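Here is a short tour of the model, written to be read with a viewer open. Take a look before going on.

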Amino acid sequence: MIELAAVFAVAGAASNAVGTAFQRKAASASSRGGIRLLAELVHRPYWVIGMAGVICAALFQSLALVNGPLALVQPLFILELPFALLVAAPLMHRRLPRSGWWGVGGCVAGLAVLLIAAAPHGASDQAPLARWIPALCLSVGAMAVAVLLARRGQAPARRAALLAAASATGNALTAALLKSASGTFADHGFTAFLRSWQTYGFTLAGVVSVLLLENALQAGPLAAAQPALTIGDAVVSLTLGITLFGERVRTGWWLVPEICGALLITVGVLVLSRAVQRIVVLPVPAEEQRQAT
């Protein structure tokens with residue numbers, strides 16, 4: 001089932017990347033805002049494709065979390081970043097600098113080394129309330145502290161990194177709650193799913209995480225926000241997987257390749273974040289300009 005969970009997680013990362021890219025493509029062709037923007041977007045094929053990608057991503061993530069450990073599934077969502085660049089660059093008529101592809105290679109290679117060395121295992125999808133209470137308190141507390149430290153007046157890069165770290169913690173908490181709720185649905189059906197407090201917990205945590213992400217991207221440069229978001233999600237997910245669900249990873253001398261893989265991912269994300277700032281804008285074909293008009 002571990003292999004199946006990995007396949008679903010990669011499919012979820014790819015689907016979310018496609019959904020985000022197509023939604024951004026649809027929104028970029030409109031100058032409206034608010035409800036009027038949404039009313040216009042629902043009639044655009046690009047937006048419909050994007051929403052389908054987001055829905056499929058949520059489904060794939062649920063299937064991955066039911067079949068495999070949180071410590072495996074969430075780190076694989078790091079692949080969403082290179083997937084998004086691969087899809088969005090040609091779709092938005094952009095060309096990534098050569099350094100960006102080195103960053104993509106670093107992310108993928110580092111993730112492979114980390115997960116092969118760590119070999120996360122243990123697939124329990126439920127945890128007693130005695131574990132949930134400290135996990136929730138620490139996660140929400142860490143998010144609150146990061147938001148308070150990111151008050152206005154701080155340097156933009158610092159604010160972006162802190163808000164992204166808060167969003168990453170929220171993403172990891174959302175995944176943990178989703179894992180538990182999905183397990184309840186698989187074992188006991190839809191009625192039990194609706195009665196589970198984790199169902200409403202992951203909905204609330206997910207909304208808060210998205211709001212924090214939007215603020216992080218607005219507060220400062222992507223080069224400051226993206227590493228905190230990507231690495232933070234993986235680290236907090238690993239911690240929650242071990243403490244909540246009793247998941248295990250290999251230790252001892254395996255820590256050496258695990259640390260090397262994590263460093264390679266970090267470098268890859270940093271390189272990618274900087275390369276995105278130097279992305280080349282390509283001419284838009286005349287036919288697409290006429291369609292947008």
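## Two helices that cross

At what angle do helix 3 and helix 8 pack, and how far apart are their axes? This is a predicted model, and in it the two helices pack at about 80°, with 9 Å between the axes. An angle of 65 to 115 degrees counts as roughly perpendicular, so helix 3 and helix 8 are roughly perpendicular to each other.

From helix 3, the residues that take part are Gln-61, Ser-62, Leu-65 and Val-66. They meet Ala-175, Leu-178, Lys-179, Ser-182, Gly-183 and Ala-186 of helix 8. By type, the residues of this contact split into five nonpolar, four polar and one charged.

## The end of helix 3

Helix 3 covers residues 45–67, and Asn-67 belongs to it. Is Asn-67 buried or exposed? Its relative accessibility is 13%, and buried means under 20%, so Asn-67 counts as buried. A polar atom of the Asn-67 side chain lies 2.6 Å from the backbone oxygen of Leu-63.

## Helix 7 against helix 8

Helix 8 also packs with helix 7. Helix 7 takes in residues 129–149 and helix 8 residues 156–188. Their axes are 8 Å apart, at an angle of about 160°. Angles over 145 degrees count as roughly antiparallel, which is why helix 7 and helix 8 are described as roughly antiparallel to each other. The crossing of helix 7 and helix 8 is left-handed.

On the helix 7 side, the contact is made by Trp-132, Leu-136, Ser-139, Val-140, Met-143, Ala-146, Val-147 and Leu-149. On the helix 8 side, the residues are Arg-158, Leu-162, Leu-163, Ala-166, Thr-169, Gly-170, Leu-173, Ala-176, Leu-177 and Ser-180. Sorted by type, the residues of this contact comprise 13 nonpolar, four polar and one charged.

## Exposed leucines, and a loop residue

Leu-148 sits in helix 7. With a relative accessible area of 62%, and exposed meaning over 50%, Leu-148 is therefore exposed. The C-alpha atoms of Leu-148 and Leu-162 are separated by 9.1 Å, and the two residues are 14 apart along the chain.

Leu-204, in helix 10 (residues 197–219), is exposed too, with a relative accessible area of 57%. Between the C-alpha atoms of Leu-204 and Thr-174, residues that are 30 apart along the chain, the separation is 8.3 Å. For a backbone detail, try Ala-119, in the loop between helix 6 (98–118) and helix 7. Ala-119 has a positive phi of about 45° although it is not a glycine, and with a relative accessible area of 25% it is partly exposed.

## Buried positions in helix 11

Which residues does Ser-237 touch, not counting those up to four places away in sequence? They are Leu-70, Gln-74 and Ala-172. Ser-237 lies in helix 11 (residues 222–245), and at 0% relative accessibility it counts as buried. The C-alpha atoms of Ser-237 and Pro-69 are 9.8 Å apart, although the two residues are separated by 168 places along the chain.

Leu-229 is also in helix 11 and counts as buried, at 16% relative accessibility. Leaving out residues up to four places away in sequence, Leu-229 touches Ala-164, Ser-167, Ala-168, Asn-171 and Leu-213. One of these, Ala-164, has its C-alpha atom 5.0 Å from that of Leu-229, at a distance of 65 residues along the chain.

## A serine in helix 1

Ser-15 is in helix 1 (residues 2–28). Its relative accessibility is 13%, and it counts as buried. Apart from its neighbours within four places in sequence, Ser-15 is in contact with Gly-53, Val-54, Cys-56, Ala-57 and Phe-60.

## The chain as a whole

Stepping back, the chain has 13 helices and two strands. Of its 293 residues, 43% count as buried. Among contacts between residues at least 6 apart in sequence, 84% join residues at least 24 apart.

How values were computed:
Residues are numbered from 1 along each chain as its sequence is written. This is a predicted model: local features need pLDDT of at least 70, side-chain atom pairs count only at pLDDT 80 or more; totals for chains, interfaces and linings use all residues. Side-chain values use heavy atoms; hydrogens and water are left out. Helices (H or I, at least four residues) and strands (E, at least two) are DSSP runs, numbered from the N terminus. Buried means under 20% relative accessible area, exposed over 50%, partly exposed in between (1.4 Å probe, protein chains only). A polar contact is a pair of N or O atoms within 3.5 Å; within protein, one must be able to donate a hydrogen and the other to accept it, and residues adjacent in sequence count only if both atoms are side-chain atoms. Axes are lines fitted to C-alpha atoms, for helices over the stretch in contact, and angles run from 0 to 180 degrees between N-to-C directions. Angles under 35 degrees count as roughly parallel, over 145 as roughly antiparallel, 65 to 115 as roughly perpendicular and the rest as oblique. A crossing is left-handed if the near helix is turned anticlockwise from the far one by less than a right angle, and right-handed if clockwise. Contact means heavy atoms within 4.5 Å. Ala, Val, Leu, Ile, Met, Phe, Trp, Tyr, Cys and Pro count as nonpolar, Asp, Glu, Lys and Arg as charged, and the others, Gly among them, as polar.
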